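Reader: I have a structure to read and would like to go through it in steps. Please keep the reasoning plain.

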Amino acid sequence: MPKRILQGTVVSDKNDKTVVVRVERRFTHPVMKKTVRMSKKYKAHDENNSCKVGDQVSIQESRPISKDKTWVVVTDAAAK
């Protein structure tokens, strides 16, 4: 089974080896037929503490690393 990959923006990097990433999704509301934007925050593992607030990153599903952390930072757009 392939692992999910999401793209989002880093909103917090205060924890050690952890970043909080806001992932935004857009969809059409089933009743109003209007495009709706919803966002969700995910905690992701950042081994080298390389991500900073505002960076665009891709995160990938992984095994549970801690109680809330089940994602790993795959690519950091600022590092390129």
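Reader: Is Glu-24 buried, partly exposed or exposed?
Author: The model is a predicted one. Buried means under 20% relative accessible area and exposed means over 50%. The value for Glu-24 is 44%, so Glu-24 counts as partly exposed.

Reader: Which residue does Glu-24 meet in a salt bridge?
Author: The link runs between distant parts of the chain, 13 residues apart, with Glu-24 in strand β2 and its partner in strand β3. The N to O distance is 4.0 Å. The partner counts as exposed, because its relative accessibility is 59%. The residue is Arg-37.

Reader: How many salt bridges does a search of the whole structure find?
Author: One of them joins Glu-24 and Arg-37. Another joins Lys-43 and Asp-68, and Lys-17 and Glu-47 form one too. The search of the whole structure finds 4.

Reader: How far apart in sequence are the parts that Lys-43 and Asp-68 tie together?
Author: In this salt bridge the closest N and O atoms are 3.0 Å apart. Lys-43 has a relative accessible area of 33% and is partly exposed, and Asp-68, at 42%, is partly exposed as well. Lys-43 lies in strand β3 and Asp-68 in the loop between β4 and β5, so the parts tied together are apart in sequence by 25 residues.

Reader: In which loop does Glu-47, the partner of Lys-17, lie?
Author: Lys-17 and Glu-47 form a salt bridge whose closest N and O atoms are 3.2 Å apart. Lys-17 is in the loop between β1 and β2, and the pair ties together parts 30 residues apart in sequence. Glu-47 is partly exposed at 45% relative accessibility. Its place is the loop between β3 and β4.

Reader: How many helices and how many strands does the chain have?
Author: From the N terminus on, the elements run β-β-β-β-β. The count is therefore read from a pattern that holds β alone. The chain has 0 helices and 5 strands.

Reader: Which strand supplies the largest share of the largest nonpolar core?
Author: This core has 12 residues, among them Leu-6, Val-21, Tyr-42, Ile-59 and Trp-71. At least two residues come from each of β1, β2, β3, β4 and β5. The largest share is 3 residues, and the strand is β2.

Reader: Which members of that core does Cys-51 contact, leaving aside neighbours within four places in sequence?
Author: Cys-51 itself belongs to the core. Its contacts include Asp-13, Asp-46 and Asp-76, and these do not appear in the core list. The core members it contacts are Val-10, Val-19, Val-57 and Val-73.

Reader: Is Ser-58 buried or exposed?
Author: Ser-58 lies in strand β4, which covers residues 56-61. Leaving aside neighbours within four places in sequence, its contacts include Ile-5, Leu-6, Gln-7, Val-72 and Val-74. The cut-off for buried is under 20% relative accessible area. Ser-58 has 11%, so it counts as buried.

Reader: What percentage of the chain's residues count as buried?
Author: The chain has 80 residues. It exposes about 6,000 Å², with carbon and sulfur atoms supplying 50% of that area. The share of residues that count as buried is 26%.

Key:
Residues numbered from 1 in each chain as written. Predicted model: local features only at pLDDT ≥ 70, side-chain atom pairs only at ≥ 80, totals over all residues. Heavy atoms only, no water. Helix = DSSP H or I, 4+ residues; strand = E, 2+ residues; numbered from the N terminus. Buried < 20%, exposed > 50% of the residue type's maximum accessible area, 1.4 Å probe, protein only. Contact = heavy atoms within 4.5 Å. Core = buried A, V, L, I, M, F, W, Y, C linked by side-chain atoms within 4.5 Å. Salt bridge = Lys/Arg side-chain N within 4 Å of Asp/Glu carboxyl O. Areas by Shrake-Rupley, 256 points an atom, 1.4 Å probe, with all protein chains shown as cover.
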